[in-house]
Amino acid sequence: MGAGKTKGKRAVPWVVLALWVGVLALASPFAAKLADVQRDRVTDYLPANADSTQVAKIQEKLPGGESTELVLVYHRDGGLTAADREIAREQVTRVAGEHALTAPPQGVPSEDGTTLMYPIATNEPGTDEKKRDAFVDAVRDVAHSEGGLTVEVGGTGAYATDASKIYDALGGPLLYTTVAVVAVLLILIYRSPVLWLVPLVVAGIADYLSMGVAYGLNQAFGTTVSGQSSGIMTILVFGAGTDYALLLVSRYREELRRIERPYDAMRAALRGCGPAVLASSGTVAAGLLCLLAADLNSNRGMGPLGTVGVLCALVAMLTLLPALLVLLGRRVFWPLVPAHGSTPVTRRSLFAAMGTSAGRRPRTVLAAGAVLLGALALGTLNLPGTVKQQDSFVDRPESVAALETLAEAYPEGSAQPIDVLTPAGRADATLAAIRDTDGVADAREGRTGHGWTEISVTASAPPQSAAETATIERLRETLDGSYVGGASAQQIDLEDTNARDRAIVVPLVLGSVLLILVLLLRSLVAPLLLVAAVVAVWGAALGLGGLVFGPVLGFEGTDPGLGLLSFVFLVALGVDYGIFLMHRMREESLRGAEPAAAALTALRTTGGVIASAGLVLAATFAVLMNMGLVQLVELGFVIAVGVLLDTFLVRTYLVTSASVALGRKVWWPGRLSRAPEAGQDRAREREPVGS
């Protein structure tokens with residue numbers, strides 16, 4: 001009988017391994033297709049219901065499809081020469097001969113004689129991003145600088161191409177960098193030549209599975225897959241997945257000292273930390289799914305993809321990782337193998353010292369920490385305003401350089417058209433109304449099709465200035481039944497929609513996270529404490545951003561979506577570490593420990609794991625700071641800094657101090673909030689920890 005059970009136990013890991021081989025075989029064809037459905041079009045990053053989005057969608061249906069608009073800019077500081085103008089004419093003629101342009105190019109000289117611009121447009125690429133990029137690159141090959149004459153290719157099409165090259169870097173380069181960062185940290189944490197590789201391989205498998213599931217969501221429900229959302233999904237798989245692995249491996253190492261057989265030790269480890277890991281992933285998934293309520297397409301698509309990443313990481317770390325560890329046995333920990341019956345070397349750890357100081361004067365520590373977080377949050381007052389389109393790159397690409405040249409050479413008008421789509425039967429009346437609108441320098445009728453007519457409007461103010469914004473708003477008020485779009489209108493809609501999304505998504509995130517914490521911890525006070533802590537961390541991290549973005553990094557603005565996305569990620573991910581700590585504290589309380597002792601024991605036993613997990617998660621999000629878009633750098637900075645604050649200040653000092661100060665009240669109204677009656681201590685020690 002015993003031999004049969006032993007054989008059965010030995011077979012379980014192999015069965016799990018075989019099941020994963022089958023799952024990967026099924027997911028493989030779909031995972032390989034995810035890149036084919038990834039889109040980084042304008043409409044993928046715009047609000048679903050905004051005017052500018054409707055304009056972009058209608059433009060795709062007009063004859064020739066979506067047009068790619070470029071501006072060839074010829075400039076010489078001392079003034080253009082006759083030879084310069086001849087070079088410009090030859091290059092533009094060649095471009096027109098090689099590509100089907102919507103209209104013959106017409107040069108527009110600047111009043112100071114230093115610049116000549118040729119606006120061109122084509123319908124050749126349509127909505128195909130690869131064809132658009134190829135067209136832009138082909139034009140740039142022709143339009144090149146010569147003998148002191150500066151030639152730059154700008155316009156909305158060139159800007160989109162420059163941005164797409166950065167989004168392409170969110171595929172392979174982001175994955176390789178993330179894997180390298182996680183590998184280095186795991187080697188340092190485990191100090192083993194073998195152990196670090198196991199969770200890393202499992203995370204890679206989970207990432208591959210998530211790609212297949214993400215493709216399935218796209219095909220079944222039309223879920224938006226963008227470079228940003230797929231990149232964040234990869235970061236979550238490796239970041240959150242490695243966190244779960246660190247917690248499981250740490251608990252497994254503990255159990256191997258108590259239990260002889262690896263299989264039984266793993267079962268005990270899963271029983272001990274499984275509820276915390278499940279609740280942790282549940283909070284992240286619930287928080288991310290709240291993004292489905294957002295109107296911004298990129299945010300709404302990020303919710304399901306981020307959730308897929310977290311859940312794939314969870315399943316892999318709770319099934320495949322345990323199976324591999326059991327099959328490899330104790331030797332996987334070499335050279336620090338946890339022998340059965342051994343006692344770990346007791347050293348006074350940093351977290352024991354921190355816990356002692358927090359437990360000695362909890363109210364003083366709590367007050368000091370709150371003051372520090374509040375002071376850091378004041379830095380939000382120094383956050384720069386909304387980032388303009390031309391300032392959204394870390395390194396200035398050619399399209400932005402062209403826009404700046406145009407703004408300086410043509411101060412009397414905008415170099416970025418405003419697109420108006422009006423019903424075809426009202427085109428003449430709409431055109432007249434546009435020309436009568438204050439702030440409009442010029443308006444010309446464009447393509448007509450599917451019942452709509454396109455009108456290109458030139459404002460008299462520079463792009464994305466307050467004056468141009470006022471012009472766009474006047475057009476929207478005046479033109480009933482028409483849509484006003486274009487690059488500047490898109491920025492306005494992004495800012496308005498992000499404000500709307502914050503008002504809806506933030507309460508949903510707080511409510512869902514609180515509900516999960518209440519169910520896990522059987523308390524109201526502890527969940528409120530954890531949520532208040534992560535909200536304070538979010539404010540402090542944004543404040544640090546205000547002290548760094550402009551003064552240190554030189555950024556000219558803040559992405560309008562930074563507040564919402566950083567809130568969702570920091571609240572959902574930050575609560576993770578609170579769950580690890582409070583769940584262990586509840587275990588110790590169920591064993592009969594007094595509140596202060598339970599809090600300090602929980603910090604001493606989980607502090608190292610939480611610190612390691614925090615470092616890994618912060619490092620994975622910090623990888624975004626190496627990308628070339630300001631919005632990604634800002635998001636990576638705020639989340640990485642917030643995770644570090646949460647790990648080394650809030651969890652270790654503030655939550656522990658608050659738990660010590662509150663005593664049993666931290667578990668109110670659960671039964672742990674009541675002092676045990678005489679004779680109950682021994683029974684409580686025998687009570688199952690997970691109850």
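Let me start with strand 3. Seven of the eight residues of strand 3 are buried, so this strand is largely enclosed by the rest of the structure. Keep in mind throughout that this is a predicted model.

Strand 3 has two partners to go through. With strand 1, strand 3 runs antiparallel, and eight bridges join the two. One pair to look for on your screens is Glu69, which stands opposite Ala121 in strand 3. With strand 2, the pairing is again antiparallel, over two bridges. Here Val108 stands opposite Met117 in strand 3. Strand 2 and strand 3 form a hairpin with five residues between the strands, and in that hairpin Gly113 takes a positive phi near 75°.

Now the chain as a whole. The secondary structure comes to 22 helices and eight strands. The radius of gyration is 29 Å, close to the 26 Å that the globule rule gives for 691 residues, so the chain is as compact as a globular protein of that length. Along the principal axes, the C-alpha atoms fill a box of roughly 95 × 50 × 50 Å. Of the 691 residues, 55% are buried.

Next, the sheet further along the sequence. As general background, strands of a sheet pair through backbone hydrogen bonds, either parallel or antiparallel. In this model four strands form an open sheet in the order 6-7-5-8, and the pairing is antiparallel. Which strands stand at the edges? They are strand 6 and strand 8, residues 483-485; each has a single partner strand, so one side of each is left without a neighbour in the sheet. From one strand to the next, the twist averages 25°.

Going through the pairs, strand 6 and strand 7 run antiparallel and are joined by seven bridges. Within that pair, Ala443 has Val457 in strand 7 as its bridge partner. On to strand 5, residues 418-423, which pairs with strand 7 in the antiparallel sense over six bridges. Two positions show the register: Asp419 has Ser456 as its bridge partner in strand 7, and Leu421 stands opposite Glu454 in strand 7.

The turn between strand 6 and strand 7 deserves a moment. This hairpin has two residues between the strands, and His450 takes a positive phi near 55° there. His450 does so although it is not a glycine. Is His450 buried or exposed? At 63% relative accessibility, where exposed means over 50%, His450 counts as exposed.

Arg191 is another non-glycine residue with a positive phi, of about 50°. Arg191 sits in the loop between helix 7, residues 172-190, and helix 8, residues 197-221. Its relative accessible area is 55%, and Arg191 is exposed.

While we are on the backbone, there are two cis peptide bonds to mention. One joins Trp334 and Pro335, with omega about 10°. Pro335 is in the loop between helix 11, residues 297-328, and helix 12, residues 350-360. Another cis bond runs from Trp668 to Pro669, with omega near 5°. Pro669 lies in the loop between helix 21, residues 630-662, and helix 22, residues 680-686.

Now the empty space, beginning with the second largest pocket. Its volume is about 1300 Å³. The lining has 46 residues, and those nearest the centre are Pro119, Pro417, Arg444, Ser456 and Thr458. Several elements give two or more residues to this lining, among them strand 1, strand 3, strand 6, strand 7, helix 6 (156-168) and helix 14 (398-409). Which strand gives the most? Strand 6 does, with six residues. By class, the lining has 22 nonpolar, 15 polar and nine charged residues. Ser456, one of the residues nearest the pocket centre, is also the bridge partner of Asp419.

Last, the cavities. How many of 30 Å³ or more does a search of the whole structure find? The search finds four. The second largest has a volume of about 120 Å³. It is lined by 14 residues, of which Leu247, Arg251, Cys273, Arg584 and Thr606 lie nearest its centre. Helix 9 (227-258), helix 10 (262-289), helix 19 (562-590) and helix 20 (595-622) each supply at least two lining residues to this second largest cavity. By class, that lining has five nonpolar, five polar and four charged residues.

Conventions. Residues are numbered from 1 along each chain as its sequence is written. This is a predicted model: local features need pLDDT of at least 70, side-chain atom pairs count only at pLDDT 80 or more; totals for chains, interfaces and linings use all residues. Side-chain values use heavy atoms; hydrogens and water are left out. On a 1 Å grid over the protein atoms alone, a cavity is a set of points where a 1.4 Å probe fits but cannot get out, and a pocket is an open set with protein on both sides within 12 Å along at least five of seven lines; lining residues have an atom within 4 Å of a point. Grid points are joined across faces, edges and corners, and a volume is the space filled by probe spheres set on the points. Ala, Val, Leu, Ile, Met, Phe, Trp, Tyr, Cys and Pro count as nonpolar, Asp, Glu, Lys and Arg as charged, and the others, Gly among them, as polar. Two strands pair if DSSP finds at least two bridges between them. Axes are lines fitted to C-alpha atoms, for helices over the stretch in contact, and angles run from 0 to 180 degrees between N-to-C directions. The radius of gyration is taken over C-alpha atoms; the globule rule is 2.2 Å times the number of residues to the power 0.38. Buried means under 20% relative accessible area, exposed over 50%, partly exposed in between (1.4 Å probe, protein chains only).
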